[in-house]
Amino acid sequence: MSVASGRLPAEGVRAMFDRIAPVYDAMNRTMTAGLDRRWRRVTAETVVRPGDAVLDACCGTGDLALAATRIGARVTGLDFSERMLERARRKAPDLQWVNGDLLALPFEDSRFDAATVGFGVRNVDDLERALRELRRVLRHGGRLGILEITRPRGLVAPFYRLWFDAVVPLLGKLVPGGSAYSYLPASVRRFPGPEELAALIAAAGFDSVRYRTFAGGIVALHTADAR
C-alpha cells in the first residue's frame with residue numbers, strides 16, 4: 001500500500017487527512033472551481049427530508065452535514081480524523097460530531113432515516129463492509145447518497161487526466177501534506193466505476209440503486225433505498 005498505488009492502510013489515511021485538514025476546504029474549492037458545494041447540496045436535497053435523522057459518514061470538515069442541516073434534518077457527522085472534526089465543530093458547534101470508523105459504526109441498527117458520504121468511500125480499506133455498515137444503521141426504506149469522484153469518458157477525459165494526474169499533484173506540493181494530492185488521482189483510478197459501484201451497493205442490501213453524473217462525468221452521485 002502506498003500513495004502511488006492509491007491504497008493506504010487506515011492509519012495512513014487518518015494521518016493524511018489530519019495533515020491536510022487546514023487546507024482541505026480551500027483545495028476543494030480550487031480543484032472543483034467551487035462546484036463541490038453545489039454537488040453536496042444536491043446530494044442532501046436528493047436523499048434528506050426535513051426531520052430526518054441523518055448520518056453523514058466520512059464527514060470531513062462538515063460541508064455535506066451542514067447542507068443536510070439546512071433542509072431541517074437532525075445530523076450526526078462521523079469521521080476518524082480528529083483534525084477534520086475540529087474544523088467541522090468550528091462551523092457548527094451545536095451539531096453532533098463523532099470520531100469513528102465507517103467500517104465499524106458506533107450506532108445501533110436502524111438508527112437513521114438517511115445516510116450520506118461525500119468523497120469518502122474511496123478511502124476505506126473494505127468498500128463492501130462499509131456499504132454493509134451503512135445499510136445496517138439505516139431503517140428499512142432509509143435513503144443512501146454517495147457522492148464520489150469518478151473517471152469520465154468522451155471529450156472530458158483528456159482534460160480530466162491533465163487536471164487530476166498533473167495539475168492537482170503540482171498544486172498539492174504547495175500545501176502541507178501535499179502527498180495527499182498525488183494519492184487522490186491514484187485512488188480514483190483504482191476505485192470502481194459508477195456501474196460497478198452501483199452493483200456493490202445493491203449487493204449490500206439496497207434497492208432502487210441509481211446514479212447521475214456531474215461536470216461531464218467527473219463526479220457521480222449514487223442513491224438507493226435500504227431494503
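**Figure 1. The second largest pocket of the predicted model.** The second largest pocket has a volume of about 330 Å³, in a structure that is a predicted model. Its lining comprises 27 residues, of which Cys 58, Asp 79, Phe 80, Gly 120 and Asn 123 are the closest to the pocket centre. Two or more lining residues come from each of α1 (10-20), β1 and β2 (74-79). Helix α1 makes the greatest contribution to this lining, with three residues. Sorted by class, the residues that line the second largest pocket are 17 nonpolar, five polar and five charged.

**Figure 2. The largest nonpolar core.** This core has 30 residues, and within it Leu 55 and Leu 134 touch the most other members. The elements supplying two or more residues to the core are β1 (53-57), β4 (112-118), α6 (127-137), β5 (138-149), α9 (194-203) and β7 (219-226). Among these, α6 gives the most, with five residues. A second core, separate from the largest one, has 27 residues and includes Ala 21, Trp 39, Phe 80 and Ile 149.

**Figure 3. Surroundings of Leu 55.** When residues up to four places away in sequence are not counted, Leu 55 touches Thr 76, Leu 78, Leu 105, Phe 107, Phe 112, Ala 114, Ala 115, Thr 116, Leu 134 and Val 137. The contact partner Leu 134 is, together with Leu 55, one of the two residues that touch the most other members of the largest nonpolar core.

**Figure 4. Helix α3 and its cover.** Helix α3 spans residues 35-47 and has 13 residues. From its first C-alpha to its last, α3 reaches 19 Å, close to the 18 Å expected at 1.5 Å a residue. Its buried residues are Asp 36, Trp 39, Arg 40, Val 42, Thr 43, Ala 44 and Val 47. One of them, Trp 39, is included in the second, separate core of 27 residues. The cover over the buried residues of α3 includes the helices α2 (24-32) and α4 (63-71), along with the strands β4, β5, β6 (206-214) and β7.

**Figure 5. Ala 68 in helix α4.** Ala 68 lies in helix α4, one of the elements that cover the buried residues of α3. Because its relative accessible area is 1%, Ala 68 counts as buried. Leaving aside neighbours within four places in sequence, Ala 68 is in contact with Ala 44, Val 48, Val 54, Ala 73 and Val 75. Of these partners, Ala 44 is among the buried residues of α3. The C-alpha atoms of Ala 68 and Ala 157 are separated by 31 Å, and these residues are 89 apart along the chain.

**Figure 6. Ala 88 in helix α5.** Ala 88 is found in helix α5, which covers residues 82-91. With a relative accessible area of 0%, Ala 88 is buried. Residues up to four places away in sequence aside, Ala 88 touches Gly 60, Thr 61, Gly 62 and Trp 97. Ala 88 and Arg 37 are 51 residues apart in sequence, with a C-alpha to C-alpha separation of 15 Å.

**Figure 7. Positive phi values at Ser 110 and Ala 215.** Ser 110, although not a glycine, has a positive phi of about 60°. Ser 110 belongs to the loop between β3 (96-99) and β4. Its relative accessible area of 45% places Ser 110 in the partly exposed class. Ala 215 is likewise a residue other than glycine with a positive phi, here near 55°. Ala 215 sits in the loop between β6 and β7, and its relative accessible area of 38% makes this alanine partly exposed.

**Figure 8. Two partly exposed sites, Asp 126 and Ala 166.** Asp 126 lies in the loop between β4 and α6. At 29% relative accessibility, Asp 126 is partly exposed. Asp 126 and Leu 102 are 24 residues apart in sequence, and their C-alpha atoms are 9.7 Å apart in space. Ala 166 is located in helix α7, residues 156-172. Ala 166 counts as partly exposed because its relative accessibility is 31%, whereas buried residues fall under 20%. Its C-alpha atom is separated by 9.9 Å from that of Tyr 181, and the two residues are 15 apart along the chain.

Terms used:
Residues are numbered from 1 along each chain as its sequence is written. This is a predicted model: local features need pLDDT of at least 70, side-chain atom pairs count only at pLDDT 80 or more; totals for chains, interfaces and linings use all residues. Side-chain values use heavy atoms; hydrogens and water are left out. A nonpolar core is a set of buried Ala, Val, Leu, Ile, Met, Phe, Trp, Tyr and Cys residues joined through side-chain atoms within 4.5 Å. Buried means under 20% relative accessible area, exposed over 50%, partly exposed in between (1.4 Å probe, protein chains only). Helices (H or I, at least four residues) and strands (E, at least two) are DSSP runs, numbered from the N terminus. Contact means heavy atoms within 4.5 Å. The expected span of a helix is 1.5 Å times one less than its number of residues. On a 1 Å grid over the protein atoms alone, a cavity is a set of points where a 1.4 Å probe fits but cannot get out, and a pocket is an open set with protein on both sides within 12 Å along at least five of seven lines; lining residues have an atom within 4 Å of a point. Grid points are joined across faces, edges and corners, and a volume is the space filled by probe spheres set on the points. Ala, Val, Leu, Ile, Met, Phe, Trp, Tyr, Cys and Pro count as nonpolar, Asp, Glu, Lys and Arg as charged, and the others, Gly among them, as polar.
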